[in-house]
Amino acid sequence: MAHDTHDKTPSTLPYATYEVHAPRLPRIPFIAVSVGLIAVVGSWIPLVLFARARVITSPEPRVSFVQDMGTQPRYNAQQSSEVFEDGRAARLPIPGTVARGHLDEDDHYFHGFTRVKGEDGKPVAKFFDTFPERVKVTPALVKRGQERFNIYCSVCHGLDGTGHGQVNEMAIDDKDPKWVPVASLPSDAVRARPVGHIYNTINVGIRNMSGYGAQVPVADRWAIVAYVRSLQYGQNAPEEAVPADKRNSAQAAAK
Ligand code: HEC
């Protein structure tokens, strides 16, 4: 075919006087490429900030675009207010108010003693000799008491209650003149105490021992009392209370 055409219209002109290039889009201007690159890389910055915010902590409150009453005017402690006649912003509870769940009217359970009229007519404390009705003395309770005793009491009274706690022994070794040696819990004197008395010792302290009521909740105080009683019994138990096959090892341990 091509030959035919050539033959019919011979020409001296070459077919093409220029080099043939593949068709090409016009070159993107350098400025557009740079701006585009910067925009792409710049768009990663929020991602980096998000990632950073997930791992760091900050003392500043977080940025809150929708306030939803998040910040409101308020009074600081001890600030005054014109709204009230006495000028105080902080209001006292209405006299006689009892916080929910704090009625605590069961003396036996919450205090371990009750007040009775003494011989001279003045009220005196009478300690309860039994566990309160709502305290069920079970192996689980004694176990809980052991755990709590080892945490709160053993540092002074020792794990066996006889006073071999680190704090007590170090103070005695240092001959600290102000140190009052701890009481031995299995001693006759403390064994003779009613359970309510021991409860009260844990709650508010006694003589030179401070109270643990602030750290130890009511139910745990009774658990510790139960455990103190079991320590006392364990170290004064009659021979018959020890199973026959364990008697020799128990006697060896006691020596
Ligand atoms: C920081 C040391 C320390 C810790 C901890 C401590 N006590 Fe005492 N405890 C003492 C001292 C000291 C005495 C003797 C106080 C005195 O005679 O003035 C004492 C005395 C006692 C007595 C005898 C009170 C009496 O009837 O005469 C009991 C019971 C007792 N502690 C129980 C406990 C229990 C239970 C705990 C744990 C909740 C505990 N203590 C934790 C130091 C401690």
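**Exercise 1. Contacts of a glycine**

Leaving aside its neighbours within four places in sequence, which residues is Gly 112 in contact with?

Solution. First, the ground rules. This is a predicted model: local features need pLDDT of at least 70, side-chain atom pairs count only at pLDDT 80 or more, and totals for chains, interfaces and linings use all residues. Numbering starts from 1 along each chain as its sequence is written.

- Step 1: place the residue. Gly 112 sits in the loop between α4 and β1. Helices (H or I, at least four residues) and strands (E, at least two) are DSSP runs, numbered from the N terminus.
- Step 2: apply the contact rule. Two residues are in contact if their C-beta atoms, placed from the backbone, lie within 7 Å.
- Step 3: list the partners. Gly 112 contacts Phe 127, Phe 128, Gly 196, His 197, Tyr 199, Asn 200 and Asn 203, with neighbours within four places in sequence left aside.
- Step 4: check burial. A residue is buried if 20 or more other C-beta atoms lie within 10 Å of its own, exposed if 12 or fewer, and partly exposed in between; C-beta atoms are placed from the backbone. Gly 112 is buried because 27 other C-beta atoms lie within 10 Å.
- Step 5: look along the chain. Leu 25 is 87 residues from Gly 112, and their C-alpha atoms are separated by 96 Å.

**Exercise 2. Confidence**

State where in the chain confidence is lowest and where it is highest.

Solution.

- Step 1: define the score. pLDDT is the predictor's confidence in each residue, from 0 to 100.
- Step 2: take the chain as a whole. The average pLDDT is 86, and 91% of the residues score at least 70.
- Step 3: find the extremes. Helix α1 (residues 2-8) is lowest, at a mean of 51. Helix α2 (residues 30-42) is highest, at 96.
- Step 4: draw the consequence. Where pLDDT is low, the predicted coordinates should not be read in detail.

**Exercise 3. Helix α10 and the core**

Check the length of α10, then decide why it counts as largely enclosed.

Solution.

- Step 1: compute the span. The expected span is 1.5 Å times one less than the number of residues. For the 17 residues of α10 that gives 24 Å, and the end C-alpha atoms are 24 Å apart, so the two agree.
- Step 2: count burial. Twelve of the 17 residues are buried, so the rest of the structure largely encloses α10. Among them are Asp 220, Arg 221 and Gln 232.
- Step 3: name the cover. It includes α4 (107-110), α5, α8 (188-191) and α9.
- Step 4: turn to the core. A nonpolar core is a set of buried Ala, Val, Leu, Ile, Met, Phe, Trp, Tyr and Cys residues joined through C-beta atoms within 7 Å. The largest one has 21 residues; Trp 222, Ile 224, Val 225, Tyr 227 and Val 228 have the most contacts inside it. Helices α5, α9 and α10 each supply at least two core residues. α10 gives the most, with nine.
- Step 5: pick one residue. Trp 222 touches Phe 131, Val 135 and Tyr 199, not counting residues up to four places away in sequence.

**Exercise 4. Helix α9**

Describe how α9 is covered and what follows it.

Solution.

- Step 1: count. Eight of the ten residues of α9 are buried, making the helix mostly covered. Tyr 199, Asn 200 and Asn 203 are among the buried ones.
- Step 2: find the packing partners. The buried residues pack against β1 (113-117), β2 (123-127), β3 (205-206), β4 (209-210) and α10.
- Step 3: read the next residue. Gly 205 follows α9 and has a positive phi, near 90°.

**Exercise 5. Positive phi outside glycine**

Characterise Gln 78 and Asp 104.

Solution.

- Step 1: recall the rule. Most residues other than glycine have a negative phi.
- Step 2: read the angles. Gln 78 has a positive phi near 70°. Asp 104 has a positive phi of about 45°.
- Step 3: locate them. Gln 78 is in the loop between α3 (44-55) and α4. Asp 104 is in the loop between α3 and α4.
- Step 4: check exposure. Gln 78 counts as exposed because it has 8 C-beta neighbours inside 10 Å. Asp 104 is exposed, with 12 other C-beta atoms within 10 Å.

**Exercise 6. The ligand shell**

Describe the residues around the ligand by distance, element and class.

Solution.

- Step 1: apply the cut-off. A residue is near a molecule or strand if its C-beta atom, placed from the backbone, lies within 6 Å of it.
- Step 2: find the nearest. Of the 22 residues around the ligand, Cys 153, Cys 156, Arg 207, Asn 208 and Met 209 come nearest.
- Step 3: assign elements. α6 (154-157), α9 (195-204) and α10 (218-234) give two or more residues to the shell.
- Step 4: sort by class. Ala, Val, Leu, Ile, Met, Phe, Trp, Tyr, Cys and Pro count as nonpolar, Asp, Glu, Lys and Arg as charged, and the others, Gly among them, as polar. The shell has 17 nonpolar, three polar and two charged residues.
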